[in-house]
Amino acid sequence: TTILFFSGILISLNSRGLVSTYTFSQSAGTYTAISAGTILGDTTNDDDNFNALNIGFTFYYNGQAYTQFGVNANGYIGFGNLFFSSQSVISSATVNNVISALNYDLAAQTGADIQYQTSGAAPNRTLVIQWTKYRAFATTGDNLNFQIRLNEGTNSINIRYGLCTSTGIHASQTGIKGAS
């Protein structure tokens, strides 16, 4: 049976500084897919890291200024270089300064991609990192669509979920993590 979850949910995390000062709010919203972004990897992505990608503006996270980020196929981004692939990045002792939308042992499949795109004009640009048609590793029938959005100026973080279907229950991690 297919489980439909997170359809149209918008989760927002807002702050201008340390991870401990971010606040959480949840609301229904519209998931708007990007289609003209830079595509990372291919339909065989599994545990892949994509590093040294330009944000397009300066984003302040955990008291540090960042102009680059990294993406992991397992549903999260990090600042600086991502040297580790993790299926439990929030509770991991080895990966820091990360934002996780749906961290689990994920993999691409036919028609899947990860892409990112910066849009808007200064001082209100937004970086969107999007996973399209991802699945839990070694499963069939999953269709997971989600985004992490970084907003210039406010340094707010939005995690958005599109239509997501899953053939099982997966213990994923969602959230933010600072330097420890």
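This tour proceeds through a predicted model, from overall confidence to one residue, the nonpolar cores and the aromatic pairs.

**Confidence.** Colour the chain by pLDDT. The mean for the protein is 88, and 91% of its residues reach 70 or more. Next, select residues 1–16, where the pLDDT is below 50. Beyond near neighbours in sequence, this stretch nevertheless has 70 contacts in the model. Where pLDDT is low, the predicted coordinates should not be read in detail.

**Thr-126.** Select Thr-126, which belongs to strand E11 (residues 126–136). Its relative accessible area is 14%, so Thr-126 counts as buried, the limit being under 20%. Display the side chain of Asn-151 as well: the side chains of Thr-126 and Asn-151 make a polar contact at 3.0 Å. Then pick the C-alpha atoms of Thr-126 and Glu-152; they are separated by 6.1 Å, although the two residues are 26 apart along the chain. With neighbours within four places in sequence set aside, the contacts of Thr-126 include Phe-57, Gln-117, Arg-149 and Leu-150.

**The cores.** Move on to Leu-150. Residues up to four places away in sequence not being counted, Leu-150 touches Thr-126, and also Phe-57, Phe-59, Ile-99 and Ile-157, among others. Leu-150 is one of the residues with the most contacts inside the largest nonpolar core, a group of 36 residues; Tyr-61, Ile-99, Ile-129 and Ile-157 are the others named for this. Among the elements that give two or more residues to this core are strands E8 (98–103), E11 and E12 (144–151). Strand E5 supplies the largest share, six residues. A further selection of Tyr-76, Leu-82, Val-89 and Val-98 shows members of another core, of five residues, which lies apart from the one just described.

**Aromatic pairs.** The structure holds six aromatic pairs. Select Tyr-22 and Tyr-61 to see a tilted pair, 6.0 Å centre to centre with 55 degrees between the planes. This pair links distant parts of the chain, 39 residues apart: Tyr-22 sits in the loop between strands E2 (9–14) and E3 (23–28), and Tyr-61 in strand E5. Both tyrosines are buried.

Now select Trp-131 and Phe-146. Their ring centres are 4.8 Å apart and their planes meet at 15 degrees, so this pair is stacked. Because Trp-131 lies in strand E11 and Phe-146 in strand E12, the pair ties together parts 15 residues apart in sequence. Trp-131 and Phe-146 are buried too.

As a last selection, take Tyr-22, Phe-59, Tyr-61, Tyr-66 and Phe-79, which form one aromatic cluster.

Definitions and conventions
Residues are numbered from 1 along each chain as its sequence is written. This is a predicted model: local features need pLDDT of at least 70, side-chain atom pairs count only at pLDDT 80 or more; totals for chains, interfaces and linings use all residues. Side-chain values use heavy atoms; hydrogens and water are left out. Helices (H or I, at least four residues) and strands (E, at least two) are DSSP runs, numbered from the N terminus. Buried means under 20% relative accessible area, exposed over 50%, partly exposed in between (1.4 Å probe, protein chains only). Contact means heavy atoms within 4.5 Å. A polar contact is a pair of N or O atoms within 3.5 Å; within protein, one must be able to donate a hydrogen and the other to accept it, and residues adjacent in sequence count only if both atoms are side-chain atoms. A nonpolar core is a set of buried Ala, Val, Leu, Ile, Met, Phe, Trp, Tyr and Cys residues joined through side-chain atoms within 4.5 Å. pLDDT is the predictor's confidence in each residue, from 0 to 100. Rings of Phe, Tyr and Trp (its six-membered ring) pair if their centres lie within 6.5 Å; planes under 30 degrees apart count as stacked, over 60 as edge-to-face and the rest as tilted.
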